[in-house]
Amino acid sequence: MSRVLIVGAGLTGSLCACLLRRKLPNKVNIVVWDKSRGAGGRMSTSRSPNDPSCTVDLGAQYISATPYYARIHSSFYEELLAQDILKPLVAPVEGMMLKEEEIVNYVTPHGVSSIIKHYLKESGAEVLYDRHVTHIHRKSTTWEVCCKGGMPERFDIVVLTMPVPQILQLQGDVESLIGENQRRMLEAVSYSSRYALGLFYKADTRIDVPWAAKYVSNNPCVRFIAIDDKKRNLASKTCGPSVVVHTSVPFGIQHLEEEKDAVQPIILEELEKLMPDLPQPDSIKCQKWRYSQVTRSVADCPGQMILHSQPLLVCGGDGFTHSNFDGCIESALKVFEVLKSSL
Ligand SMILES: Cc1cc2nc3c(=O)[nH]c(=O)nc-3n(C[C@H](O)[C@H](O)[C@H](O)COP(=O)(O)OP(=O)(O)OC[C@H]3O[C@@H](n4cnc5c(N)ncnc54)[C@H](O)[C@@H]3O)c2cc1C
């Protein structure tokens, strides 16, 4: 049995773990570490501190299938639809740009992190949170992986699925193992940055707008607003509504190095101008997405990058493809091919 560490419990990492378990069941012992307190990464779902049943998706909002990806990834879509993890988007969205005809949008009634939780459960992996990987050292035929405040552990194979700048922050032997050409390619990867606010409301609060989500084009700060429960078509009214607000990328970049506490009131002030009748929320969560969506991925890349072959150290994620559901599936499948041929 090879001991495989997957760093990152986002979509790419959870799907890599699931593919390993399903396709190579007796060959691997899978461990997933993530620095956060829960699963999802940029597909995370936040809960209201006052009512855990009131949730909001602060990152990814929809799963949008083009005809091409709906066909080549049909088994992934079918599995999630059969389990009611994905449902077609039926709620009205104002100003959505349909880049391609016949695109089908899906929502996740239980929050977008339900996709990741599904894959992690299927993987049977040992999943540990609050594990912030800082150093990776080579020890003969294995890797010694260190995380903040924890004991180092040994693994036969390591898979890195975090945003590319966070891969480049790793210390230890991994720094010198990244070849000059590979480093240049990784350093060229870029991401947009934005803030997200989640507003949680008490039960029985009414938000009377004719849309479930709306793209805003005439405000320097706010780019997108969704009445999240309405967007996800949640029937239950046992908890209050929730609202998510995404800022524009120029606003995100302008305020990137400021504290969240200083930026939150600016976003709220702009939101009030756009929605003066919005009731006062019960609680608010502010999220800074320093690495939001990939604006330039690794050039000429087959969806993964092998940093070292024996022992294997490989990286994947949307930085190696593109920033959405299908980009992560594409990368996870490519990482899996590399793992399969080395096991
Ligand atoms: C605001 C926003 C809106 C978006 N909208 C959409 C959308 O509508 N539809 C869509 O399909 N996609 C959307 N995306 C993109 C989508 O969310 C991402 O492409 C996808 O979630 C990336 O998954 P990943 O697993 O590759 O990376 P991530 O989700 O970033 O997962 C990487 C994980 O690694 C962990 N990590 C990082 N460093 C370390 C470390 N040193 N040690 C341990 N763990 C570490 C992180 O905590 C994280 O959980 C959006 C993203 C954002 C931010």
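An oxygen atom of the ligand sits 3.0 Å from a polar backbone atom of F325. Taken alone, that ligand exposes 1000 Å², and the protein buries 94% of it. Keep in mind that this is a predicted model. Here's a quick tour, starting at the ligand and then moving out to the chain and a few local spots.

**Around the ligand**

- The shell around the ligand has 34 residues, and T12, D34, R42, Y62 and D318 come nearest.
- D34 also makes a polar contact: one of its polar side-chain atoms is 2.6 Å from an oxygen atom of the ligand.
- S36 does something along those lines, with a polar side-chain atom 3.1 Å from an oxygen atom of the ligand.
- Sorted by class, the shell comes out as 17 polar, eleven nonpolar and six charged residues.
- Two helices, α1 (11-23) and α11 (325-342), each put at least two residues into that shell.
- Why does the ligand lie between domain 1 and domain 2? Domain 1 (2-37 + 129-189 + 298-342) and domain 2 (45-112 + 191-296) both give residues to the shell, so the ligand ends up between them.

**The chain as a whole**

- The secondary structure of the protein chain adds up to 23 strands and eleven helices.
- Its radius of gyration is 20 Å, close to the 20 Å that the globule rule gives for 343 residues, so the chain is as compact as a globular protein of that length.
- Along its principal axes, the C-alpha trace spans about 65 × 45 × 40 Å.
- Of the 343 residues in the chain, 52% count as buried.

**Helix α4 and what follows**

- Is α4 (residues 113-123) mostly covered or mostly open? Mostly covered: eight of its eleven residues are buried.
- Those buried residues are S113, S114, I115, I116, H118, Y119, L120 and S123.
- As general background, an α-helix has 3.6 residues a turn, so residues three or four places apart point the same way.
- Right after α4 comes G124, with a positive phi near 65°.

**Backbone spots to look at**

- Most residues other than glycine have a negative phi, and most peptide bonds are trans. The next few spots go the other way.
- D130 has a positive phi, near 55°, without being a glycine. D130 sits in the loop between β9 (126-128) and β10 (133-139), and it is exposed, with a relative accessible area of 51%.
- N233 is another residue other than glycine with a positive phi, here near 60°. Look for N233 in the loop between α8 (228-231) and β19 (242-247). N233 counts as partly exposed, at 48% relative accessibility.
- The peptide bond from Q310 to P311 is cis, with omega near 0°. P311 belongs to the loop between β22 (305-308) and β23 (312-315).

**K148 and H132**

- K148 is in the loop between β11 (142-147) and β12 (153-155).
- Buried or exposed? K148 is exposed, with a relative accessible area of 54%.
- K148 and H132 are 16 residues apart along the chain, and their C-alpha atoms are separated by 5.5 Å.

Conventions
Residues are numbered from 1 along each chain as its sequence is written. This is a predicted model: local features need pLDDT of at least 70, side-chain atom pairs count only at pLDDT 80 or more; totals for chains, interfaces and linings use all residues. Side-chain values use heavy atoms; hydrogens and water are left out. A residue is near a molecule or strand if one of its heavy atoms lies within 4 Å of it. A polar contact is a pair of N or O atoms within 3.5 Å; within protein, one must be able to donate a hydrogen and the other to accept it, and residues adjacent in sequence count only if both atoms are side-chain atoms. Accessible areas come from the Shrake-Rupley method with a 1.4 Å probe; for residues, only the protein chains shown count as cover. Helices (H or I, at least four residues) and strands (E, at least two) are DSSP runs, numbered from the N terminus. Ala, Val, Leu, Ile, Met, Phe, Trp, Tyr, Cys and Pro count as nonpolar, Asp, Glu, Lys and Arg as charged, and the others, Gly among them, as polar. Domain bounds come from an automatic or database domain assignment. The radius of gyration is taken over C-alpha atoms; the globule rule is 2.2 Å times the number of residues to the power 0.38. Buried means under 20% relative accessible area, exposed over 50%, partly exposed in between (1.4 Å probe, protein chains only).
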